[in-house]
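Q: Could you take me through one pair of packed helices, close up? I'd like to see how they sit against each other and what touches what.

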Amino acid sequence: MTGPLISLADVSLVFDGNVGALNHISLDIAKGETVGLVGESGSGKTTLCRVLVGLAEATAGTVAIEGRPLDALIAADPLAFRRKVQLLLQDAVASLSPRMRIGRLLEEPLAIHGMDLLAGRRRIADLLQRLGLPQGVLDKYPHQVSGGQARRVAILRALMLGPSIIVADEPTAGLDVSVQGDLINLLVELRGDLGLTYLIVSHNLNVIRRIADRTVVMYLGQIVEAAPTTALFSGPAHPYSAALLSTNPAIDPRRRRTRIVLEGEIPSVVSPPPGCRFHTRCPIAAARCRAEEPQLRPLPDGRQVRCHFPLTEPEGAAAFAAAAQ
Ligand code: SF4
């Protein structure tokens with residue numbers, strides 16, 4: 001395969017005829033790549049994940065996996081699609097039935113997908129070892145294991161069917177920092193060992209910085225910046241990215257001096273502001289921003305940004321420095 005594993009081309013999702021949860025999203029993800037998705041609640045991250053796993057349908061544009069349209073893949077063989085693309089939810093542990101022992105919970109998908117039980121049990125044993133889970137966990141109920149172990153069980157269940165794509169929504173939420181670190185290391189290891197491709201949503205920028213090759217920043221249904229993670233974290237180009245990163249001093253203590261606190265809530269997607277959707281909260285908004293909607297465009301360093309005055313260019317950098325004082 002030469003093209004991207006996952007390709008979203010000009011994807012929009014409109015509810016009730018006029019409410020746009022996703023607005024002209026274009027994104028390619030290569031096999032083996034990890035893309036991190038960040039942005040406040042209401043930015044469209046979860047909707048994008050739902051579209052990718054077939055739980056929501058784009059109203060415009062195309063979503064393709066290995067060059068084949070998603071709707072055609074699902075229509076041709078829904079179970080094969082499920083095996084290929086797995087969704088790991090924030091509340092994955094809650095989705096495990098409390099009345100079933102973990103061993104049975106793990107064997108359940110084998111029957112649904114008509115897979116060989118013995119081969120499945122061998123895979124469970126292999127995955128238990130890879131995920132650092134003791135054999136005894138199979139005899140326990142989900143509430144009898146620790147939060148970190150329960151999260152690993154949910155990952156194991158997602159891996160049971162041999163997926164190639166994992167879409168994970170807040171995979172480390174609610175875990176202690178040290179357990180989070182272990183889980184990130186585990187996800188990185190599994191990616192290499194099992195040839196996985198990840199799309200990971202997280203509010204935790206430290207998680208994204210550690211795991212993602214590329215980070216996509218969303219605001220009000222649009223991609224506002226897409227960049228290699230190291231480039232983004234060392235110098236964001238979009239004012240919204242800069243504001244998000246500046247609220248996390250652990251990432252870069254130097255940015256504490258230029259901390260930008262976003263005022264107010266993200267506007268409603270029902271009636272987004274005209275011009276640049278971020279102009280009502282942007283510290284460097286100018287008249288042009290209110291009148292003219294910026295397009296997502298490539299910068300010379302390879303990243304993409306949706307801003308008239310990117311911070312990587314002199315005009316934007318000077319305005320941002322003045323606003324931060
Ligand atoms: Fe801010 Fe204007 Fe850029 Fe929008 S286009 S992010 S308002 S500077």
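A: Let's start with the whole protein: there are twelve helices and twelve strands, where helices (H or I, at least four residues) and strands (E, at least two) are DSSP runs numbered from the N terminus. This is a predicted model, in which local features need pLDDT of at least 70 and side-chain atom pairs count only at pLDDT 80 or more, while totals for chains, interfaces and linings use all residues. Residues are numbered from 1 along each chain as its sequence is written.

Now zoom in on helix H6 (residues 147-159) and helix H7 (residues 177-194), which pack at an angle of about 20° with axes 11 Å apart. Those axes are lines fitted to C-alpha atoms over the stretch in contact, and angles run from 0 to 180 degrees between N-to-C directions. So H6 is roughly parallel to H7; angles under 35 degrees get that label, over 145 roughly antiparallel, 65 to 115 roughly perpendicular, and the rest oblique.

Who's touching whom? On the H6 side you'll find Gly147, Gly148, Arg151 and Leu159, and on the H7 side Val179, Asp182, Leu183 and Leu194. Contact here is when the C-beta atoms of two residues, placed from the backbone, lie within 7 Å. Sorted by class, this contact of H6 with H7 has four nonpolar, two polar and two charged residues. For the classes, Ala, Val, Leu, Ile, Met, Phe, Trp, Tyr, Cys and Pro count as nonpolar, Asp, Glu, Lys and Arg as charged, and the others, Gly among them, as polar.

Zooming back out, the C-alpha atoms of the protein fill a box of roughly 65 × 45 × 35 Å along the principal axes.
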